Amino acid sequence: MGRLIRWQIDIREDQIQAASKGVPAAPNDKEGWRVHRRGFTLIELLVVIAIIAILAAILFPVFAKAREKARQTACNSNMKQIATAGRMYSADYDNHIVPYALNSDPGGSAAWFNRLEPYVKNKGLWDCPSTSADGGASVWNRDYGYNNYMEWFNGFYYRETTLEEITTPSDTAFIGETACVSRSYMAVSNANPPVWYLQEVHNGGCNLAFFDGHTKWYTITDAKNIKLWDGIP
Ligand SMILES: [Ca+2]
Ligand SMILES: [Zn+2]
């Protein structure tokens with residue numbers, strides 16, 4: 001307090017002196033400026049930086065997780081729309097599920113995603129926002145794979161499965177997340193043992209869409225439970 005008062009007095013004297021000499025007052029009083037300009041000490045700065053660093057370390061993973069959760073939701077919505085398109089296809093084709101592919105044209109125009117295209121009408125729906133592939137024009141740029149247990153049956157490529165044959169449609173997966181791995185557009189093949197193309201895309205798991213049209217996130221271990229795929233007794 002004493003210093004502050006003294007500083008104010010000094011400034012006044014300074015101003016008075018400056019005024020009497022006809023020059024503008026310059027705050028050149030050493031002691032006054034030392035009080036006024038005193039910044040943070042190194043320790044204080046380090047403490048502030050440490051607090052900011054700790055807050056950042058706590059919050060960044062939270063933000064990253066929230067962002068990933070938003071992508072997971074967007075992906076889930078894509079799959080739900082594709083599953084809905086699958087049900088629309090079945091309604092138009094006498095309750096047959098969309099076939100994986102025809103023997104004559106695997107991967108071509110008869111592939112399941114091309115058959116669903118008129119119902120989906122949005123190439124962006126094949127693109128999971130958490131994977132690098134963009135879901136563009138290439139047939140391989142599709143992040144979702146088909147449940148091949150539905151069609152590969154007794155060695156036949158296309159067995160014209162109907163929805164009625166799937167006894168528990170709410171527990172039988174239609175598509176899963178493959179992130180274009182192996183350029184495969186199936187999620188699981190019914191080889192023995194099954195070959196899984198499912199990928200750990202969101203928070204240690206992936207979304208699945210079911211034949212009743214609902215979608216759900218599973219851990220990768222739970223998603224690879226064969227009971228969710230082998231839906232025809
Ligand atoms: Ca993608
Ligand atoms: Zn996804």
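## A loop residue with an unusual angle

Let's start with Asn95, which sits in the loop between H3 and H4. This is a predicted model, and in it the phi of Asn95 is near 70 degrees, a positive value in a residue other than glycine. Why look at that twice? Because most residues other than glycine have a negative phi. Asn95 counts as partly exposed, because it has 13 C-beta neighbours inside 10 Å, and a residue needs 20 or more to be called buried.

Lys121 is another one to look up. You'll find Lys121 in the loop between H4 and E1, right where H4 has ended. Its phi is also positive, near 55 degrees. Is Lys121 buried or exposed? With 10 other C-beta atoms within 10 Å, Lys121 is exposed.

## The chain as a whole

Now zoom out. The chain has five helices and six strands. If you walk along the sequence, you meet them in the pattern α-α-α-α-β-β-β-β-β-β-α. So where do the contacts reach? Among contacts between residues at least 6 apart in sequence, 62% join residues that are at least 24 apart. As for burial, 29% of the 233 residues count as buried.

## Two helices that cross

H3 covers residues 42–92 and H4 covers 112–120. Their axes come within 9 Å and cross at roughly 95 degrees. The two helices are therefore roughly perpendicular to each other. Which residues meet where they touch? On the H3 side there are Gln81, Ile82, Ala85, Gly86, Met88 and Tyr89, and these meet Arg115, Leu116, Tyr119 and Val120 of H4.

Have a look at H4 from its buried side, too. Trp112, Phe113 and Leu116 are its buried residues. They span an arc of only 75 degrees around the axis, which puts them on the same side of H4. And what do the buried residues of H4 pack against? They pack against H3 and E1.

## The nonpolar core

The largest nonpolar core in this model contains 43 residues. Inside it, the residues with the most contacts are Ile82, Trp112, Ile175, Leu208 and Ala209. Helices and strands both chip in: H3, H4, E1, E2, E3, E5 and E6 each supply at least two core residues. Which element gives the largest share? That's H3, with five residues.

Leu208 is a good one to click on. Skip its neighbours within four places in sequence, and Leu208 is still in contact with Ala173, Gly176, Thr215, Lys216, Tyr218, Ala223 and Leu228.

## Strands side by side

Next come the strands, and E2 (173–177) is a handy place to begin. All of E2 is covered in the sense that five of its five residues are buried. E2 pairs with E1 in the antiparallel sense over three bridges, and Tyr144 stands opposite Glu177 of E2. E2 is also joined to E5 by three bridges, again running antiparallel. Here you can spot two facing pairs: Ile175 is opposite Ala209, and Gly176 is opposite Leu208.

E5 (205–210) is the next strand to follow. How many of its residues are buried? Six of its six are. E5 and E6 run antiparallel and are joined by five bridges. Ala209 turns up again in this pairing, with Thr215 as its bridge partner in E6. While you trace these strands, keep a general rule in mind: in a regular strand the side chains alternate between the two faces of the sheet.

## A hairpin and a cis bond

E5 and E6 form a hairpin with four residues between the strands. One residue to pick out there is Gly213, which takes a positive phi near 100 degrees.

The last stop is the peptide bond between Asn192 and Pro193. What kind of bond joins them? It's a cis peptide bond, with omega at about 0 degrees. Most peptide bonds are trans, so a cis bond is worth a second look. Pro193 itself lies in the loop between E3 and E4, and E4 covers residues 195–196.

Notes. Residues are numbered from 1 along each chain as its sequence is written. Chains are lettered from A and ligands numbered from 1 in the order in which they are written. This is a predicted model: local features need pLDDT of at least 70, side-chain atom pairs count only at pLDDT 80 or more; totals for chains, interfaces and linings use all residues. A residue is buried if 20 or more other C-beta atoms lie within 10 Å of its own, exposed if 12 or fewer, and partly exposed in between; C-beta atoms are placed from the backbone. Two residues are in contact if their C-beta atoms, placed from the backbone, lie within 7 Å. A nonpolar core is a set of buried Ala, Val, Leu, Ile, Met, Phe, Trp, Tyr and Cys residues joined through C-beta atoms within 7 Å. Two strands pair if DSSP finds at least two bridges between them. The arc is that of the directions from the helix axis to the C-beta atoms. Axes are lines fitted to C-alpha atoms, for helices over the stretch in contact, and angles run from 0 to 180 degrees between N-to-C directions. Angles under 35 degrees count as roughly parallel, over 145 as roughly antiparallel, 65 to 115 as roughly perpendicular and the rest as oblique.
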